[in-house]
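Welcome, and thank you for taking a look at this protein. Let us walk through the model together, one part at a time.

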Amino acid sequence: MPNLLEAYKTPEFCLAAVQYDGMALMDVPNTLKTPEVCLAAVQQNGFALEYVPKALKTPELCLAAVQNDGEALMYVPKAFKTSEICIVAVQQTNSAFEYVPKALKTPELCLIAVRKHVSAFAFVPSSLKTLEICLAAVQQNGQALQDVPEKLKTPKLCLTAVCHGGGGLRYVPKVIKEVIKRQDYILDGSDIPLWGQNCVLRLLPGRFHAKLTGDTLQLRLPYPADQVCCIRALNRVCNTLLLKRARFLVADWSRTLGIAVPKLHIEDMRHWGRCYFRAGRVSLAAELIWLPPKVLEYIVVHELVHFLVNNHNTRFWAILDQHLPDWRQWDNLLNNYHNHFALSRRFRVGFNTAIRIIEQIEQMEQRHHRQGSACHEKRNS
Ligand SMILES: [Zn+2]
């Protein structure tokens, strides 16, 4: 159009031109910039808002522009920048966030922008950074951890960052690294000592589903699954596995001992097993799933014998000796287990998993640094 003779610049021609390419508005003579032409231009390309005369910039026109391209927010007059138009712009493209006035940056708007793309995180004022916003950022790219205020760098947030690439480990404070190393976390590839044997946990996104094949426990969880969600799901799966085996043992041994089959419960409790002989119920500790099946059998038999003798007198041990001559071996193992692992109420899994994973990541990062290829997130625009 710039090369076109002025004579050809008619209202109809200009309208057709901006409908084809909104940016053609820059060559439309001001006298022919009607509201209709301007609207058509910004609807085709939001950036055409730059060439709309000030007098014709209405809130509706600005809205149409940012609906087409959120970044057109940079040409919206200050007076029309409301939180509504800012939300529309940021939802259209996260890079619009940069043009949102500070006064309109609410935690909600920041969260929308960061969820849309991690690059908006750098434009979130420190005072508005909440744990939720930081988490949304590091879940997309661990490198965002560098813009997380120190006071919000919790072990959970740091671990999430480390697990989501981008070299987040560099920005994990030393003391937090120590905390992470001390804790047991469940991650894809964790060792789970199921029935006293190492089993590898495979975490996959999907609808909740668990499958145990050989030495692999496959667990599908809705993504993203945080630690609490993983631990709950794993507890659920383990309790089901334990209950299945325990039910069979209880039925079998009740028959052998000539007692009525009691009710069975799996619980988080201080004892390995408990017999409520008046209520006709046996409770078993959820942790029994981590130990060899023989240990579970010993606890089951021990508790069932209590239906015959409700204390630990010589008759009790004599019955136990008669039915399960090697029970001392399993009793010792339980005591050692207590000493070695200082069993707490908390879920414990793969004792050194976190350390191993962090060390692996550290090695990977060192290799990465040696290769000298710094990776930076590309801005999405
Ligand atoms: Zn007992």
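**A strand with two faces**

Let us begin with strand E1, where the side chains alternate: Ile192 and Leu194 point to one face and are buried, while Asp191 and Pro193 point to the other face and are not buried. This is a pattern worth knowing, for in a regular strand the side chains alternate between the two faces of the sheet. Please keep in mind as you look that this is a predicted model.

Which strand does E1 run beside? E1 is joined by 4 bridges to strand E2 (residues 197-205), and the two run antiparallel. Along this pair, proline 193 stands opposite asparagine 198 in E2. Follow the chain from one strand into the other and you pass through a hairpin with 2 residues between the strands, where tryptophan 195 takes a positive phi near 50°.

Now widen the view to the sheet. It is an open sheet of 4 strands in the order E1-E2-E4-E3, with mixed pairing. Strand E1 (191-194) and strand E3 (209-213) stand at the edges and have a single partner strand each, so one side of each is left without a neighbour in the sheet. From one strand to the next, the twist averages 30°. As background, strands of a sheet pair through backbone hydrogen bonds, either parallel or antiparallel.

The helices come next. Two packed helices are described by the angle between their axes and the distance between the axes. Take helix H2 (residues 35-44) and helix H3 (residues 59-68), whose axes come within 7 Å and cross at roughly 20°. That angle is under 35 degrees, which makes H2 roughly parallel to H3. On the H2 side the contact is made by Cys38, Leu39, Val42 and Gln43, and on the H3 side by Leu61, Ala64, Ala65 and Asn68. Sorted by class, the residues of this contact are 6 nonpolar and 2 polar, with no charged ones.

Which residues of H2 are buried? They are Val37, Cys38, Ala40, Ala41 and Val42. These buried residues pack against helix H1 (11-20) as well as H3.

A second pair of helices can be read in a similar way. The axes of helix H4 (residues 83-92) and helix H5 (residues 107-116) come within 9 Å and cross at roughly 10°. H4 and H5 are therefore roughly parallel to each other. Here Ser83, Cys86, Ile87, Val90 and Gln91 in H4 meet Leu109, Ile112, Ala113 and Lys116 in H5. The contact of H4 with H5 has 6 nonpolar, 2 polar and 1 charged residues.

Let us step back to the whole protein. It has 13 helices and 7 strands, and buried residues make up 31% of its 381 residues. Among contacts between residues at least 6 apart in sequence, 41% join residues at least 24 apart.

Finally, how confident is the predictor, and where? The average pLDDT of the protein is 82, and 80% of the residues score at least 70. Among the elements, helix H11 (residues 314-323) has the highest mean pLDDT (96), while helix H13 (residues 353-370) has the lowest (49). The pLDDT is below 50 over residues 339-362, a stretch with 36 contacts in the model beyond near neighbours in sequence. It is also below 50 over residues 372-381, where the model has 14 such contacts. Where pLDDT is low, the predicted coordinates should not be read in detail.

Technical notes. Residues numbered from 1 in each chain as written. Axes fitted to C-alpha atoms, helices over the stretch in contact; angles between N-to-C directions. Parallel < 35°, antiparallel > 145°, perpendicular 65-115°, else oblique. Contact = placed C-beta atoms within 7 Å. Nonpolar A, V, L, I, M, F, W, Y, C, P; charged D, E, K, R; others polar. Buried ≥ 20, exposed ≤ 12 C-beta atoms within 10 Å, placed from the backbone. Pairing = 2+ DSSP bridges. pLDDT = per-residue confidence, 0-100.
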